[in-house]
Amino acid sequence: MLSNGVSMERVNVAGISGIILGPGKEEEAPGLIWYHGWASDSESQIFRANIFASYGFHVLLIDGKNHGLRGTINYEDEKVQEEKLMATILSNIEEFPKVVEDFKKLRKLSKVFVGGHSMGAMTAGALLGAYDEVYGALCFNGMNDWGHYKSMFGANKGKEQWENNYSEYNPINDPEKFVNKPLGMFNGAEDEEVNPDFQAKFYQMVAPLYKDREAIEFMRIEGNPHMISTNMLEEGIKFLLKWK
């Protein structure tokens with residue numbers, strides 16, 4: 001069920017099946033490329049995307065590699081997660097230029113935001129610094145210092161793979177690439193999957209670099225586990241609307 005004024009279209013971007021929700025095709029509006037979390041897919045994000053779209057955003061949903069229409073794997077296997085989660089994020093980052101290029105052909109975008117949950121939030125945080133055309137990022141239950149993930153899962157992958165493949169995009173390694181771009185981070189206080197202290201420490205390190213402290217926000221949502229609650233979604237939308 002779509003909100004009044006919101007339309008939905010199935011599209012192809014960068015050779016990937018996608019879904020766009022938002023106002024009419026000819027209406028100029030900010031774009032939001034939304035990245036799902038581990039073991040999720042674009043179809044399960046439609047209701048949430050509809051909410052963003054109802055606030056005047058063109059929202060693009062796409063499946064990450066090994067998710068949804070791009071195939072499935074055993075997401076519960078810790079070894080599979082160790083091998084594939086960061087690789088999926090890297091794939092999202094590398095596919096972004098063509099994804100946003102095709103998105104712009106399909107809709108009139110005044111600016112481009114990225115956002116996501118968990119793995120998708122890690123993608124969004126990296127994209128903010130990796131590409132100049134990303135105006136802002138919204139991160140739910142993510143971590144923007146990948147060193148924490150490395151300590152949990154990356155030790156067995158070897159230093160070389162981390163240094164060659166992941167360090168380049170780890171947001172904490174070069175904050176100058178995104179400082180002063182809008183960055184909203186909202187983490188559940190009761191999250192047992194991604195410790196909210198990781199994002200809190202990132203915020204404490206990076207926020208002093210911002211000239212406009214309203215452009216960077218971190219909030220710990222009390223009583224919130226590893227999910228996007230109504231309160232978390234509301235706070236994220238309020239942040240986006242400030243920079244729309």
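In the predicted model, Val-194 touches Ser-118, Asn-141, Gly-142, Met-143, Asn-187 and His-226, with residues up to four places away in sequence not counted. Val-194 is placed in the loop between S7 and H6. Although part of a loop, Val-194 counts as buried, at a relative accessibility of 8%. Of the residues that Val-194 touches, His-226 is 32 residues away in sequence, yet the two C-alpha atoms are 7.3 Å apart in space.

The loop that holds Val-194 also contains Glu-192, between strand S7 (183-188) and helix H6 (196-206). In contrast to Val-194, which is buried at 8%, Glu-192 is exposed, its relative accessible area being 77%. Glu-192 belongs to a patch of negative charge on the surface, in which Glu-190, Glu-193 and Glu-222 also gather. The loop between S7 and H6 thus holds a buried residue, Val-194, as well as an exposed one, Glu-192.

A second buried valine is found in a strand. Val-13 is located in strand S1 (residues 7-13) and counts as buried, with 0% relative accessibility. The threshold for this class is a relative accessible area under 20%, so Val-13, at 0%, falls within it. When neighbours within four places in sequence are left aside, the contacts of Val-13 are Leu-60, Ile-62, Val-99, Asp-102, Phe-103 and Leu-106. Val-13 and Val-100 are 87 residues apart along the chain, and their C-alpha atoms are separated by 8.1 Å.

Asp-102, one of the contacts of Val-13, also takes part in a network of salt bridges that links Lys-98, Glu-101, Asp-102 and Lys-105. Side chains of opposite charge can pair when their charged atoms come close. Within the network, the side chains of Glu-101 and Lys-98 meet in a salt bridge with an N to O distance of 3.8 Å. Both residues lie in helix H2 (residues 78-106), where they are three residues apart, about one turn of the helix. Glu-101 also forms a salt bridge with Lys-105, the closest N and O atoms being 3.5 Å apart. In this pair the spacing along helix H2 is four residues, again about one turn. Lys-105 is further joined to Asp-102 by a salt bridge of 4.0 Å, N to O. Asp-102 and Lys-105 are separated by about one helical turn because they are three residues apart in helix H2.

The members of this network vary in accessibility. Asp-102 counts as buried, at 11% relative accessibility, whereas its partner Lys-105 counts as exposed, at 60%. Glu-101 is partly exposed, with a relative accessible area of 38%, and Lys-98 is likewise partly exposed, at 37%. The salt bridge between Asp-102 and Lys-105 therefore pairs a buried residue with an exposed one. For the model as a whole, the count comes to 14 salt bridges.

How values were computed
Residues are numbered from 1 along each chain as its sequence is written. This is a predicted model: local features need pLDDT of at least 70, side-chain atom pairs count only at pLDDT 80 or more; totals for chains, interfaces and linings use all residues. Side-chain values use heavy atoms; hydrogens and water are left out. Patches are made of residues with over 30% relative accessible area and no salt bridge: like charges are joined within 9 Å, nonpolar side chains (Val, Leu, Ile, Met, Phe, Trp, Tyr) within 5 Å. Accessible areas come from the Shrake-Rupley method with a 1.4 Å probe; for residues, only the protein chains shown count as cover. Lys and Arg count as positive and Asp and Glu as negative; His and the chain ends are not counted. The place of a charge is taken as NZ of Lys, CZ of Arg, CG of Asp or CD of Glu. Helices (H or I, at least four residues) and strands (E, at least two) are DSSP runs, numbered from the N terminus. Buried means under 20% relative accessible area, exposed over 50%, partly exposed in between (1.4 Å probe, protein chains only). Contact means heavy atoms within 4.5 Å.
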